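Let's take a friendly walk through this structure. Please have a look at it first, and then read on.

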Amino acid sequence: LEGLERRPLLLIQPGASKENRRWPPERLAEVMQSLHAVCGATFLVVGSGSERALCEELAARVPQLPLRVLAGQTSLEELGALCARADLLITNDTGTLHVAAAAGLPSVSLFFATALPWETGPWLPGCLVLQVDMECAPCSHQVLCPHVMCRERIPAATVREAALRLLHARGLAPAPPARWADDPETLVWETYRDAQGLQDLRLLGARRAGVAELVARCYRRLWTDVLGARAPTAVPFADELEPWLRDWELPSVGFPRELAELRQELEHLLELAARGLELAQDARRELDGPAPDMRRLEEIVAALPRLDDQLFTHELSRPLLRPLGVLFRFEKEQLDAWQSLDGLGRATEETYQRLLERGRQLAALIGETQSVLESRRQEVAA
């Protein structure tokens, strides 16, 4: 690292597992030039051996900067050592982001295409995650985007100011503008630990919450309960929701209607789940009895696939209920492993029972959300 002793030292990762997850190198070069001009930053460009050409292309755009390309020249341990020595990482959503988090190195990461911050964000408080504020972002893994315009929508200025914010916190750069996170096209999230010690993201800058954002909070609490990860000392959901809502503007006037419509759709899903449970219980009673009614069993065997088709159609047509449907479909697929009719019957019954219980829990959480929103509206009106 001779010639790169001056701080701040930044690691730059221009690559990603897929091209549609890579920020354009010319934007990254613009950020690097600006950071060097503002705080004298020096740079190490890292990546795998297959990303060497991309890293060299980036370096060729900024020949005047103090920089070294190390793509393909570091082991995992050596990359970790570089992270421990550096002051900041700027990266796409890729493996280097997580090595840096493990080493305690703060990062500015950019998420494009199918990359979802809640799934693969850095497991380290105080990092900044940038994502385009577009209805289609993140896009589905089943969709091949013909333009990947999200990569073009995050401006270099926003990334530059995000980096300055983190460097300023370490005493290595001047403070960025007070409202730098108000870029209208970019969502800027800050990682932190919630009251249970679980990873979470806090929105920086004012945005209006929609149904999807609030339902995502309901799912977060639901899965925490389902997986048994919620601490005994965890605060009630309404108390957890209050501080989170303060990061957002009040939802639009039509939001209560949208949330009520979602609850109606969820009620229909619960009706289907209850019917499935009833049919599975009928089948088990027949199988457990001394003289099973084979005609009734044949009716149930024919009815359950039709009911499942209704559940799957309901899931596909209502994206906000899809997590429940996807998990149910996965559990149904696992039933093929049962060899005995008795085991299959009981497992089928339990699958519908779990869907029913999870749906009821989600409905209760959505109801609490509606109550919190109404209370906040009344406070604002007063």
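The paragraphs below go from salt bridges to a pocket and a patch on the surface.

This is a predicted model, in which local features need pLDDT of at least 70 and side-chain atom pairs count only at pLDDT 80 or more, while totals for chains, interfaces and linings use all residues. Residues are numbered from 1 along each chain as its sequence is written, and side-chain values use heavy atoms, with hydrogens and water left out.

Let's begin with charges. Side chains of opposite charge can pair when their charged atoms come close. A salt bridge here is a side-chain nitrogen of Lys or Arg within 4 Å of a carboxyl oxygen of Asp or Glu. The count by this rule is 24 salt bridges.

Two of them can be found in helix H2, which spans residues 52–61. (Helices are DSSP runs of H or I with at least four residues, strands are runs of E with at least two, and both are numbered from the N terminus.) Arg52 and Glu56 form a salt bridge at 2.8 Å, N to O. Why are these two about one helical turn apart? They are four residues apart in helix H2. Arg52 has a relative accessible area of 28%, so it is partly exposed, and Glu56 is partly exposed too, at 35%. (Buried means under 20% relative accessible area, exposed over 50%, and partly exposed in between, with a 1.4 Å probe and protein chains only.) In the same helix, H2, Arg61 and Glu57 are also four residues apart, about one turn. Their side chains meet in a salt bridge of 3.3 Å, N to O. Arg61 is partly exposed at 39%, and Glu57 is partly exposed at 36%.

Now let's turn to the strands. Glu190 and Arg202 are joined by a salt bridge (3.6 Å, N to O). This pair links distant parts of the chain, with Glu190 in strand E7 (residues 186–193) and Arg202 in strand E8 (residues 199–204), twelve residues apart. Glu190 has 18% relative accessibility and so counts as buried, whereas Arg202 is partly exposed at 27%.

Strand E8 also holds Asp200. Is Asp200 buried or exposed? Its relative accessible area is 2%, so Asp200 is buried. A network of salt bridges links Asp200 with Asp194, Arg217 and Arg220.

To move on to another part of the model, take Asp293: its C-alpha atom is separated by 53 Å from that of Asp200, and the two are 93 residues apart along the chain.

Next comes a pocket. The second largest pocket holds about 420 Å³ of space. Among its 17 lining residues, those closest to the centre are Val301, Leu304, Leu341, Leu344 and Thr348. Helix H10 (255–288), helix H11 (294–317) and helix H13 (341–381) each give two or more residues to this lining. Which helix gives the most? H11 does, with seven residues. (A pocket is an open set of points on a 1 Å grid over the protein atoms alone where a 1.4 Å probe fits, with protein on both sides within 12 Å along at least five of seven lines; lining residues have an atom within 4 Å of a point. Its volume is the space filled by probe spheres set on the points, which are joined across faces, edges and corners.)

Finally, Leu341 lies in helix H13 and is exposed, at 59% relative accessible area.
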